[in-house]
Amino acid sequence: MANKYGEAALIAARMDTYGKSITPAARWEQATAKLYPTSPSAQRKGGPRFAFLSLCEAGLVKGIPAGQYAPSNKAKAYALRAVALLNAGQHKTVSTLWAEVTDGEDIAHNSQMDVVLALWKNDLIVRSA
């Protein structure tokens, strides 16, 4: 199983909305509240949240329509680049994806790739033909 942020992405993507329009941000908030009930800082952690919202914004999460969900930021670029690498059949682990999307810079991993890989491995990412 993915780490808790990967698990949050799975919960958010699979959330049954019962015909209601629930934004990706609200899905993420509900999922992280469930997994981190006593840690508001973990619920608000930016890297994984922006990775999830960025994938949703690009229309890459199955069942969630494309839209404006995330401000432009590095996590957005990292998540989108990671999906492109996965579509190309490259970099199947958190560490290899992270090294590639950051061009080898010494940047602390912030669970963005856990979100991408959890969705990818559970067939919740729209894959290119």
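Where is Glu57 found? Select it to begin the tour, and keep in mind that this is a predicted model.

**Stop 1: Glu57**

Glu57 belongs to helix α4. Colour it by accessibility and you will find a charged name on the buried list: its relative accessibility is 17%, and since buried means under 20%, Glu57 qualifies. Now show its neighbours. Leaving aside residues up to four places away in sequence, Glu57 touches Ala66, Gly67, Gln68, Tyr69, Ala70 and Lys76. Hold on to Lys76, as it leads to the next stop.

**Stop 2: helix α5**

Select residues 74-87, which make up helix α5. These 14 residues reach 20 Å from the first C-alpha to the last, close to the 20 Å expected at 1.5 Å a residue.

Look at the N-terminal end. Asn73 caps α5 there, with a side-chain oxygen 2.8 Å from the backbone nitrogen of Lys76. At the other side of the helix in sequence, α5 is followed by Gly89, which has a positive phi near 80°.

Which residues of α5 are buried? Select Ala75, Lys76, Tyr78, Ala79, Ala82, Val83, Leu85 and Leu86. In general, an α-helix has 3.6 residues a turn, so residues three or four places apart point the same way. Add α4 (46-57), α6 (94-101) and α7 (112-121) to the view, and you have the helices that the buried residues of α5 pack against.

**Stop 3: Gln112 and the loop before it**

Move on to Gln112, in helix α7. With a relative accessible area of 5%, Gln112 is buried. Its contacts, not counting residues up to four places away in sequence, are Gly47, Pro48, Ala51, Ala75, Tyr78 and Trp98. Two of these names, Ala75 and Tyr78, also appeared among the buried residues of α5.

Next, select Ser111, in the loop between α6 and α7. Ser111 has a positive phi of about 75° although it is not a glycine. Asp103 is in the loop between α6 and α7 as well, and it too has a positive phi without being a glycine, about 55°. Are these two buried or exposed? Ser111 counts as buried at 9% relative accessibility, whereas Asp103, at 56%, counts as exposed.

**Stop 4: the aromatic rings**

How many aromatic pairs does the structure hold? There are four. Go to one of them, Tyr5 and Trp28, a stacked pair at 6.5 Å centre to centre with 15° between the planes. Tyr5 lies in helix α1 (residues 4-14) and Trp28 in helix α2 (residues 24-35), so the pair ties together parts that are 23 residues apart in sequence. Both residues are buried.

Now widen the selection to include Tyr36 and Phe52: ring pairs link these two with Tyr5 and Trp28 into a cluster.

**Stop 5: charges over rings**

Stay with Tyr36 for a moment and show Lys4. The charged end of Lys4 sits over the Tyr36 ring, 5.2 Å from its centre. Then finish at Trp120, where the charged end of Arg127 sits over the ring, 3.6 Å from the ring centre.

Methods. Residues numbered from 1 in each chain as written. Predicted model: local features only at pLDDT ≥ 70, side-chain atom pairs only at ≥ 80, totals over all residues. Heavy atoms only, no water. Helix = DSSP H or I, 4+ residues; strand = E, 2+ residues; numbered from the N terminus. Expected span 1.5 Å × (residues − 1). Buried < 20%, exposed > 50% of the residue type's maximum accessible area, 1.4 Å probe, protein only. Contact = heavy atoms within 4.5 Å. Polar contact = N/O pair within 3.5 Å; in protein donor to acceptor, adjacent residues only side chain to side chain. Phe/Tyr/Trp six-rings, centres within 6.5 Å; stacked < 30°, edge-to-face > 60°. Lys NZ or Arg CZ within 6 Å of the ring centre and 35° of its normal.
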